[in-house]
Amino acid sequence: MIFLQKFKRVWHSQNGKYRVVGIQFHDEITATIFVQVQGRKTSLTYNMRTKEKLPKYVVDKCEAIKQELTFLCNNCKTN
């Protein structure tokens, strides 16, 4: 039985309007980032199109989480 190692990071904006969730499995190349906006029923998948609709501080946090998860996952593959 093979177990997938998962890395996850969650961030909440100070005003409570945005929640960013980043998930990466060890066999994936890049992390998947979801942005939940208060008052919306569905989450946005962070990508080039949704990036334009979000405030800069949320985009910056998405990028930081993406880089952190990629680093963690690449580090676990080498060990």
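Where does S13 lie? S13 is found in the loop between β1 (6-12) and β2 (18-25), where helices (H or I, at least four residues) and strands (E, at least two) are DSSP runs numbered from the N terminus.

Good morning. What I present is a predicted model, in which local features need pLDDT of at least 70, side-chain atom pairs count only at pLDDT 80 or more, and totals for chains, interfaces and linings use all residues. Residues are numbered from 1 along each chain as its sequence is written, and side-chain values use heavy atoms, with hydrogens and water left out.

Let me begin with confidence and overall layout. The mean pLDDT of the chain (the predictor's confidence in each residue, from 0 to 100) is 88, and 89% of the residues reach 70 or more. Among the elements, strand β3 (residues 32-37) has the highest mean pLDDT, 95, and helix α2 (residues 56-78) the lowest, 85. Where pLDDT is low, the predicted coordinates should not be read in detail. There are two helices and four strands in the chain, running β-β-β-β-α-α from the N terminus on.

Of the 79 residues, 28% count as buried, that is, under 20% relative accessible area, with exposed meaning over 50% and partly exposed in between (1.4 Å probe, protein chains only). Contact means heavy atoms within 4.5 Å; among contacts between residues at least 6 apart in sequence, 38% join residues at least 24 apart.

I return to S13. This residue counts as buried because its relative accessibility is 5%. A polar atom of the S13 side chain lies 3.2 Å from the backbone nitrogen of K17. Not counting residues up to four places away in sequence, S13 touches Y18 and Y57.

Those two tyrosines lead to the aromatic rings. How many aromatic pairs does the structure hold? The structure holds two, where rings of Phe, Tyr and Trp (its six-membered ring) pair if their centres lie within 6.5 Å; planes under 30 degrees apart count as stacked, over 60 as edge-to-face and the rest as tilted. One is the edge-to-face pair of W11 and Y57, at 6.3 Å centre to centre and 70° between the planes. This pair links distant parts of the chain, W11 being in strand β1 and Y57 in helix α2, 46 residues apart. Y18 and Y57 also form an edge-to-face pair, with 6.2 Å centre to centre and 85° between the planes. Here too distant parts are linked: Y18 in strand β2 and Y57 in helix α2, 39 residues apart. Ring pairs thereby link W11, Y18 and Y57 into a cluster. Is Y18 buried or exposed? Y18 counts as buried, because its relative accessibility is 10%, whereas Y57, at 39%, counts as partly exposed.

Next, the nonpolar core, defined as a set of buried Ala, Val, Leu, Ile, Met, Phe, Trp, Tyr and Cys residues joined through side-chain atoms within 4.5 Å. The largest such core has 17 residues, and V20, I33, V35, Y46, L54, V58 and C62 touch the most other members. At least two residues come from each of β1, β2, β3 and α2, and α2 gives the largest share, six residues. Leaving aside neighbours within four places in sequence, V58 is in contact with W11, Y18, V20 and V35.

Finally, a contrasting loop position. G39 lies in the loop between β3 and β4 (44-45). Its relative accessible area is 79%, so G39 is exposed. The C-alpha atoms of G39 and Y18 are separated by 9.9 Å, with these positions 21 residues apart along the chain counted as their separation. Thank you.

Definitions and conventions. Polar contact = N/O pair within 3.5 Å; in protein donor to acceptor, adjacent residues only side chain to side chain.
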